[in-house]
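Trainee: I would like to take a close look at one loop position, and then see how the strands around it are put together. Could you go through it slowly, with the cut-offs behind each term?

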Amino acid sequence: QVQLVESGGGLVQAGGSLRLSCAASGRTFNNYVMGWFRQAPGKEREYVAGIAWSGTSTYYADSVKGRYTISRDTAKNTVYLQMNSMKPEDTAVYYCAAREIGRVDFSSWGQGTQVTVSP
């Protein structure tokens, strides 16, 4: 069973940076896409960034393009989300998720980590 554990959230001022980590375990992930989602109070969950475990392709939402970078360390089974030039509207609970290539839905989720950006 896939287990995902996020870390790295916290409070940062606007313009600052944070790096989130997602430690993945339970199986090999060669056939997986790893994603970061976020959900702010009263808003729908947003797919922020994704990366194929092979590293051959990435996805970014328009809202974070140019500011966020997703990466993975296959030796550590860890996915990262580097967040730069942060804005108050980036405030949300951030979730790591995994889906098998060929499947539509992300079926495995972490517990989430709070990110708060102060003005």
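Trainee: What does N77 count as, judged by its relative accessibility?

Mentor: This is a predicted model, in which local features need pLDDT of at least 70 and side-chain atom pairs count only at pLDDT 80 or more, while totals for chains, interfaces and linings use all residues. Residues are numbered from 1 along each chain as its sequence is written, and side-chain values use heavy atoms, with hydrogens and water left out.

N77 counts as partly exposed, at 24% relative accessibility; the term covers the range between buried, under 20% relative accessible area, and exposed, over 50%, with a 1.4 Å probe and protein chains only. The residue is found in the loop between β7 and β8, where strands are DSSP runs of E with at least two residues, numbered from the N terminus. The phi of N77 is near 50°, a positive value in a residue other than glycine. S85, in the loop between β8 and β9, also has a positive phi, of about 45°, although it is not a glycine, and S85 is partly exposed, with a relative accessible area of 42%.

The two strands that flank N77 belong to an open sheet of four strands in the order β1-β3-β8-β7, with antiparallel pairing; two strands pair if DSSP finds at least two bridges between them. β1 (3-7) and β7 stand at the edges with a single partner strand each, so one side of each is left without a neighbour in the sheet. From one strand to the next the twist averages 15°, with axes taken as lines fitted to C-alpha atoms and angles running from 0 to 180 degrees between N-to-C directions.

Following that order from the β1 edge, five bridges join β1 to β3 in the antiparallel sense. Q3 stands opposite S25 in β3, and the bridge partner of L4 in β3 is A24. V5 also lies in β1, and V5 is partly exposed, with a relative accessible area of 48%; the C-alpha atoms of V5 and C22 are separated by 5.3 Å, although these residues are 17 apart along the chain. β3 is in turn joined to β8 by six bridges, again antiparallel, and in β8 the bridge partner of L18 is M83. R67 lies in the loop between β6 and β7, and R67 is buried, with a relative accessible area of 10%. The C-alpha atoms of R67 and N84, 17 residues apart along the chain, are separated by 5.1 Å.

Both β7 and β8 also contribute to the interior. The largest nonpolar core has 31 residues, and those with the most contacts inside it are M34, W36, L81, M83 and Y94; such a core is a set of buried Ala, Val, Leu, Ile, Met, Phe, Trp, Tyr and Cys residues joined through side-chain atoms within 4.5 Å. The elements that give two or more residues to this core are β3 (18-25), β4 (32-39), β5 (46-52), β7 (68-73), β8 (78-83), β9 (92-100) and β11 (113-118). M83, the bridge partner of L18, is thus among the residues with the most contacts in the core.

From the core, W36 leads on to another set of strands, since W36 stands opposite A49 in β5. Six bridges join β4 to β5, which run antiparallel, and these two strands form a hairpin with six residues between them, in whose turn G42 has a positive phi of about 80°. On its other pairing, β5 meets β6 (residues 58-60) in the antiparallel sense over three bridges, with G50 opposite Y59 in β6. β5 and β6 likewise form a hairpin, with five residues between them, and G55 in that turn has a positive phi of about 85°. Five of the seven residues of β5 are buried, so β5 is largely enclosed by the rest of the structure.
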